[in-house]
Amino acid sequence: ENWMRTLTAYASKTGTAEKCARMLAGRIPDATLCDLCKEKPDPCAYDQVIVGGGVRMGALHVDARQYLDGCKPILLQRRLGLYLCAGFVEKADALFENNIDPELRGHALDCDCFGGEIDMGKLRGFEKLITKMALRSSKDAEGQPAMPRLLPERIEAFSAKFAEASG
């Protein structure tokens with residue numbers, strides 16, 4: 001069989017975007033995993049490219065943003081998937097608008113937010129303070145503080161679109 005070559009590239013500060021990239025790569029045949037904080041692979045070598053990153057304080061990880069901007073002409077000629085990891089999924093549309101080029105968003109086969117995780121132990125000072133304030137103001141359906149969580153069903157649906165294409 002002739003599989004499509006898939007690049008699953010991520011930029012992660014606390015590991016959530018990496019965890020999602022690994023889940024995606026595990027569901028898409030012949031996917032290559034790449035940490036954008038360490039290398040910037042040439043997207044020309046791939047048929048489809050998935051780029052994801054963590055969002056902190058409303059900003060997409062700088063390595064993911066630079067990769068998307070720098071490779072834009074090639075990415076517009078590839079099957080493209082974009083994902084964000086963000087604690088507050090209801091803000092996903094605004095996060096995509098504020099962080100990712102409209103042409104890339106329009107071209108992408110799928111754009112999704114996979115939720116997020118907060119490890120208070122990894123946060124320092126100001127970030128920890130802001131995060132606690134955000135959590136306090138965010139409530140779930142039962143009125144409990146809404147702790148961000150990953151949404152594996154979204155990762156499942158997203159990966160299916162790229163796995164089908166490569167089969």
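# Exercises on a predicted model

In strand 2, Leu33 is the residue that stands opposite Thr8. The structure used in these exercises is a predicted model, and each task below is followed by a solution in steps.

## Exercise 1: Thr8 and its strand

Task: Find where Thr8 is placed, decide whether it is buried or exposed, and describe how its strand is joined to strand 2 and strand 3.

Solution. Begin with the position: Thr8 belongs to strand 1, which covers residues 6-11.

Next, turn to accessibility, where a residue is called buried if its relative accessible area is under 20%. Thr8 has 0% relative accessibility, and therefore it counts as buried.

Then list the surroundings. When neighbours within four places in sequence are left aside, Thr8 is in contact with Ala21, Leu24, Ala25, Ala31, Thr32, Leu33, Cys34 and Ile50.

Now widen the view to the strand as a whole. Because 6 of the 6 residues of strand 1 are buried, this strand is largely enclosed by the rest of the structure. Both of its faces are covered, with Thr6, Thr8 and Tyr10 buried on one side and Leu7, Ala9 and Ala11 buried on the other.

Finally, consider the pairing. Strand 1 runs parallel to strand 2 (residues 31-35), and 5 bridges join them. Strand 1 also pairs in the parallel sense with strand 3 (residues 48-56), over 6 bridges, and here Ala11 stands opposite Gly53. Together with helix 1 (residues 16-27), strand 1 and strand 2 make a β-α-β unit that is right-handed.

## Exercise 2: Ser12 in the loop

Task: Locate Ser12 and work out which backbone nitrogens its side chain reaches.

Solution. Start again with the position, which for Ser12 is the loop between strand 1 and helix 1. Its relative accessible area is 17%, so Ser12 is buried.

Continue with the residues around it. Not counting residues up to four places away in sequence, Ser12 touches Ala17, Glu18, Cys37 and His61. With two of these, the contact can be described in more detail: the side chain of Ser12 reaches the backbone nitrogen of Ala17 at 3.3 Å, and it reaches the backbone nitrogen of Glu18 at 3.4 Å.

End with a comparison of sequence and space, in which Ser12 and Val62 are 50 residues apart along the chain while their C-alpha atoms are separated by 9.7 Å.

## Exercise 3: A cluster of rings

Task: State how many aromatic pairs the structure holds, and describe the two pairs in which Phe158 meets Tyr83 and Phe162.

Solution. The count comes first: a search of the whole structure finds 4 aromatic pairs.

For the pair of Tyr83 and Phe158, the ring centres are 6.4 Å apart and the planes make an angle of 80°, an arrangement called edge-to-face. This pair links distant parts of the chain, since Tyr83 lies in strand 5 (residues 79-85) and Phe158 in helix 7 (residues 152-166), 75 residues apart. Both Tyr83 and Phe158 are buried.

For the pair of Phe158 and Phe162, the centres are 5.3 Å apart with 35° between the planes, and the pair is tilted. These two residues are separated by about one helical turn, because they are 4 residues apart in helix 7. Like Phe158, Phe162 is buried.

To complete the picture, note that ring pairs link Tyr83, Phe114, Phe158 and Phe162 into a cluster.

## Exercise 4: Two cysteines

Task: Explain why Cys20 and Cys85 do not form a bond.

Solution. Recall what kind of bond is in question: a disulfide is a covalent bond between the sulfur atoms of two cysteines. The sulfur atoms must lie within 2.5 Å to be counted as a disulfide.

Now apply the cut-off. The closest cysteine sulfur to that of Cys20 is in Cys85, at 3.6 Å, which is too far for a bond. The count of disulfides is accordingly 0. As to accessibility, Cys20 counts as buried because its value is 0%, and Cys85 likewise counts as buried because its value is 5%.

## Exercise 5: The side chain of Asn99

Task: Identify the polar partners of the Asn99 side chain.

Solution. Place the residue first: Asn99 is in helix 4 (residues 92-99), and with 8% relative accessibility it counts as buried.

Then follow the side chain. One of its polar atoms lies 2.8 Å from the backbone nitrogen of Leu60, and the Asn99 side chain also makes a polar contact with the side chain of Arg65, at 3.0 Å.

Lastly, leaving aside neighbours within four places in sequence, the contacts of Asn99 are Gly58, Ala59, Leu60 and Arg65.

Terms used. Residues numbered from 1 in each chain as written. Predicted model: local features only at pLDDT ≥ 70, side-chain atom pairs only at ≥ 80, totals over all residues. Heavy atoms only, no water. Buried < 20%, exposed > 50% of the residue type's maximum accessible area, 1.4 Å probe, protein only. Contact = heavy atoms within 4.5 Å. Phe/Tyr/Trp six-rings, centres within 6.5 Å; stacked < 30°, edge-to-face > 60°. Pairing = 2+ DSSP bridges. Right-handed = clockwise from strand over helix to strand, strands pointing away. Polar contact = N/O pair within 3.5 Å; in protein donor to acceptor, adjacent residues only side chain to side chain.
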